[in-house]
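Subject: Structure handover

Hello,

I am passing a structure on to you, together with notes on what turned up in it. Please open the structure first and read the notes beside it.

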Amino acid sequence: MKFNIKFHPLLFQASLAAGGIALMPFNYLQFAIPHGKGLIKLSDIVWSALSGVEAALYFPLVAIMMVSTIVHLTLTFVFFKGLVSWVRNKKEYDAFMSDSYKNVGIFPVIASLAMSANVFWGPIGFFVPQVSSNLQALMLPSLIFFGVLWVFLLKLEFKVIKTWLTESVDLSKFNFIWLLDVFAFGLVNLTGTGIAAMSGNKVIAGIAAFSSIFTLSIGFFLLVIKLVYLIYNQIKKDGLPDNPVLPAFFLVLPITCLYSLSFYRMAMYLQNFFSIDVKGVSFFIVNFSYVITIAWGALTLYLLSDYFKNYFMKSDFSPPQWGMV
């Protein structure tokens with residue numbers, strides 16, 4: 001049976017999610033298993049030396065990483081083909097990008113492709129020794145890829161902002177996708193700061209760091225502005241957030257983690273190339289991000305519990321209409 005699914009940029013959220021799932025076990029193994037300098041590889045796991053508990057934990061993690069990586073690559077290929085056809089349909093693309101309430105939905109494309117770079121360095125390098133052993137040689141191609149994402153990210157953001165400024169926009173009509181551009185900035189920044197922190201070439205690392213500082217500033221500014229709006233709107237409102245905007249409260253959590261990790265990597269760049277002691281700064285970034293994440297998570301759980309309490313008290317049990325856009 002053949003399924004004909006109409007392309008929409010938000011479909012890239014599926015490949016983005018798969019990439020995120022692939023990175024989670026990789027990051028855990030990176031810090032849990034002793035290994036040489038650099039990123040962990042499959043060969044670093046000595047299965048015969050593991051205890052039964054360790055083997056029972058690490059084997060499923062490796063399996064999840066492999067499956068999620070394959071899913072991410074497959075979905076990225078399929079969706080990218082759809083993206084090319086969609087962009088070539090100039091009428092449909094222009095109509096989407098000129099709609100102030102929909103055009104921010106383009107950013108999962110950039111976010112997913114930025115995730116692909118991190119999947120390439122991490123999970124793919126974990127399974128393919130040629131990647132992990134030649135990571136420094138891949139820094140220049142990675143910088144070029146980051147540069148392409150960086151240019152398109154800024155181009156799309158300025159185009160979206162232009163439609164907001166030139167049209168009469170009702171902010172109350174925005175739904176959770178309003179934060180997707182901030183999310184995309186976070187992932188592109190994560191890619192750039194990753195190059196800055198990992199590259200042994202001072203020029204490559206410097207270009208990545210300088211470019212990342214620029215987009216970090218823009219992304220962080222957008223994040224603050226939109227968070228202030230969310231908080232102000234919630235304070236002004238007597239009760240729960242509206243259904244369309246409620247998921248935005250959840251999206252803040254991964255965004256906070258992305259920006260915190262990007263700032264942490266910038267600190268590592270300064271330490272590696274300028275011998276600046278960043279222990280105090282790193283400590284502050286890590287702990288401050290935990291405080292913000294926990295506080296916002298507590299607020300989100302409160303809103304969620306209150307929402308479901310009211311939801312299940314209804315007689316019709318009608319689900320919230322968040323929709324796609």
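The notes below go from the overall fold to the helices, the cores, the surface and the salt bridges.

Overall

Please keep in mind that this is a predicted model. The protein has 10 helices and zero strands, so the pattern along the sequence is simply α-α-α-α-α-α-α-α-α-α. Of its 325 residues, 45% are buried. Contacts reach far along the chain: among those between residues at least 6 apart in sequence, 80% join residues at least 24 apart. The exposed surface comes to about 17,500 Å², and carbon and sulfur atoms supply 71% of that area.

Two helices, α1 and α7

Helix α1 covers residues 12-32, which is 21 residues. From its first C-alpha to its last it reaches 31 Å, close to the 30 Å expected at 1.5 Å a residue. Its buried residues include Phe12, Leu16, Leu23, Phe26 and Leu29. Also on that list are Ser15 and Gln30, along with Gly19 and Pro25. What covers the buried residues of α1 includes α2 (52-88), α4 (107-127) and α7 (180-198).

Helix α7, one of those covering elements, is itself mostly covered, with 17 of its 19 residues buried. The span of α7 agrees with expectation, because 19 residues at 1.5 Å a residue should give 27 Å and the end C-alpha atoms are 27 Å apart.

Cores

In soluble globular proteins, nonpolar side chains tend to be buried together. Here the largest nonpolar core has 66 residues, and those with the most contacts inside it are Ile106, Phe107, Leu187 and Ile255. Helices α1, α2, α3 (90-97), α4, α6, α7, α8 and α9 (246-274) each supply at least two residues of this core. The largest share, 11 residues, comes from α8.

Leu187 is a useful residue to click on. Leaving aside residues up to four places away in sequence, Leu187 touches Leu16, Ala111, Ala114, Met115, Asn118 and Leu258. There is also a second, separate core of 10 residues, which includes Ile40, Ile45, Tyr58 and Met65.

Surface

Which residues form a nonpolar patch on the surface? They are Phe220, Val224, Val228, Tyr232 and Phe263, with about 460 Å² of accessible area together. Helix α8 (residues 202-236) gives the most to the patch, with four residues. One residue of the patch, Phe220, is found in α8 and counts as partly exposed because its relative accessibility is 40%.

Lys159 is found in helix α6 (residues 139-166). With a relative accessibility of 36%, Lys159 counts as partly exposed. Apart from residues up to four places away in sequence, Lys159 touches Tyr93 and Met97. The C-alpha atoms of Lys159 and Asn103 are separated by 9.0 Å, although these residues are 56 residues apart along the chain.

Salt bridges

A search of the whole structure finds four salt bridges. Three of them are worth describing here.

Lys226 and Asp181 meet through their side chains at 2.8 Å, N to O. This pair links distant parts of the chain, with Lys226 in helix α8 and Asp181 in helix α7, 45 residues apart. Are these two residues buried or exposed? Lys226 has 2% relative accessibility and so counts as buried. Asp181 has 0% and so also counts as buried.

Asp94 and Lys90 form another salt bridge, also at 2.8 Å, N to O. Asp94 and Lys90 are four residues apart in helix α3, so about one helical turn separates them. Asp94 is partly exposed, at 31% relative accessibility, whereas Lys90 is exposed, with a relative accessible area of 57%.

The side chains of Asp44 and Lys41 make a salt bridge at 3.6 Å, N to O. Lys41 counts as partly exposed, because its relative accessibility is 25%.

If you want a starting point in the viewer, try the pair Lys226 and Asp181, which joins α8 to α7, and then Leu187, one of the residues with the most contacts inside the largest core.

Regards

Methods: Residues are numbered from 1 along each chain as its sequence is written. This is a predicted model: local features need pLDDT of at least 70, side-chain atom pairs count only at pLDDT 80 or more; totals for chains, interfaces and linings use all residues. Side-chain values use heavy atoms; hydrogens and water are left out. Buried means under 20% relative accessible area, exposed over 50%, partly exposed in between (1.4 Å probe, protein chains only). Contact means heavy atoms within 4.5 Å. The expected span of a helix is 1.5 Å times one less than its number of residues. Patches are made of residues with over 30% relative accessible area and no salt bridge: like charges are joined within 9 Å, nonpolar side chains (Val, Leu, Ile, Met, Phe, Trp, Tyr) within 5 Å. Accessible areas come from the Shrake-Rupley method with a 1.4 Å probe; for residues, only the protein chains shown count as cover. A nonpolar core is a set of buried Ala, Val, Leu, Ile, Met, Phe, Trp, Tyr and Cys residues joined through side-chain atoms within 4.5 Å.
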